[in-house]
Amino acid sequence: MQATITLEYSDTKTAEVVTKAVSPDNLKAPFEVKIHTVNDGCRVVTDIVCEGKLATFTATIDDLLFSASTAEKTLQTIKQSK
């Protein structure tokens with residue numbers, strides 16, 4: 001199974017921060033999962049390849065989206081407090 005998840009933002013700085021926030025998950029992936037995340041301007045592009053179970057694949061995607069959402073909410077809170 002494989003997927004490419006692309007998240008688009010209104011500015012490059014937000015995309016850079018989200019890329020850095022989700023990249024540690026690339027290192028903690030199960031051995032049957034390969035994850036590669038790159039910053040491409042205003043986009044964060046993550047390629048996921050899973051040789052294991054569907055549940056592992058969907059959990060990996062869920063973890064990625066949760067991490068991205070957390071980073072987005074944190075940035076929003078910081079911007080509102082300024």
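This is a short talk about the fold of one protein chain, going from its overall layout to a few single residues.

Good morning, everyone. Please keep in mind throughout that what we are looking at is a predicted model. The protein chain contains three helices and three strands, and if you read along the sequence you meet them in the pattern β-α-α-β-β-α. Taken along the principal axes, the C-alpha atoms fill a box of roughly 45 × 20 × 15 Å. Of the 82 residues in the protein chain, 34% are buried. If we take the contacts between residues at least 6 apart in sequence, 62% of them join residues at least 24 apart.

Let me begin with the strands. Strand E2, which covers residues 33-40, pairs with strand E3, residues 43-50, in the antiparallel sense over eight bridges. Two places along this pairing are easy to find in the structure: valine 33 stands opposite cysteine 50 of E3, and histidine 36 stands opposite aspartate 47, also in E3. Between E2 and E3 the hairpin has two residues, and in this hairpin glycine 41 takes a positive phi near 70°. E3 has another partner, since E1 and E3 pair in the antiparallel sense over seven bridges, and here alanine 3 has isoleucine 48 of E3 as its bridge partner.

Now, is threonine 37, which belongs to strand E2, buried or exposed? Threonine 37 has a relative accessibility of 9%, and therefore counts as buried, the cut-off being under 20%. Its side chain is joined to the side chain of threonine 46 by a polar contact of 3.0 Å.

Valine 44, in strand E3, has a relative accessibility of 2%, so this valine also counts as buried. Which residues is valine 44 in contact with, once we leave aside its neighbours within four places in sequence? They are Ile5, Thr6, Leu7, Tyr9, Ala15, Val18, Thr19, Thr37 and Val38. By contrast, if we look from valine 44 to aspartate 63, 19 residues along the sequence, the distance from C-alpha to C-alpha is 15 Å.

Let us turn to the helices, and to H1, residues 12-22. At the N-terminal end, H1 is capped by aspartate 11, which has a side-chain oxygen 3.3 Å from the backbone nitrogen of lysine 13. The buried residues of H1 are Thr14, Ala15, Val18, Thr19 and Val22. Why do we say that these residues are on the same side of H1? It is because they cover an arc of only 135° around the axis. As a general reminder, an α-helix has 3.6 residues a turn, so residues three or four places apart point the same way.

The face of H1 turned away from that buried side carries the exposed residues Lys13 and Lys20. For lysine 20 the relative accessibility is 65%, and this is why it counts as exposed, the cut-off being over 50%. Lysine 20 and asparagine 39 are 19 residues apart in sequence, and their C-alpha atoms are 8.8 Å apart in space.

The last helix I want to show is H3, residues 54-81, which has 28 residues and reaches 41 Å from its first C-alpha to its last, close to the 40 Å expected. Several residues of H3 are buried, including Phe57, Ile61, Leu64, Ala68, Ala71 and Leu75. Threonine 60, also found in H3, counts as buried because its relative accessibility is 10%. Leaving aside neighbours within four places in sequence, threonine 60 is in contact with Val33, Ile35 and Ile48.

Finally, I would like to bring these elements together at the core. How many residues does the largest nonpolar core have? It has 17 residues, and those with the most contacts inside it are Tyr9, Val18 and Ile48. E1, H1, E2, E3 and H3 each supply at least two residues of this core, and H3 gives the most to it, with five residues. Valine 18, one of the buried residues of H1, is in contact with Tyr9, Val44, Ala68, Ala71 and Glu72, again leaving aside its neighbours within four places in sequence.

That is where I will stop, and I am happy to go back to any residue on the screen.

Definitions and conventions. Residues numbered from 1 in each chain as written. Predicted model: local features only at pLDDT ≥ 70, side-chain atom pairs only at ≥ 80, totals over all residues. Heavy atoms only, no water. Helix = DSSP H or I, 4+ residues; strand = E, 2+ residues; numbered from the N terminus. Buried < 20%, exposed > 50% of the residue type's maximum accessible area, 1.4 Å probe, protein only. Polar contact = N/O pair within 3.5 Å; in protein donor to acceptor, adjacent residues only side chain to side chain. Pairing = 2+ DSSP bridges. Expected span 1.5 Å × (residues − 1). Contact = heavy atoms within 4.5 Å. Core = buried A, V, L, I, M, F, W, Y, C linked by side-chain atoms within 4.5 Å. Arc of directions from axis to C-beta.
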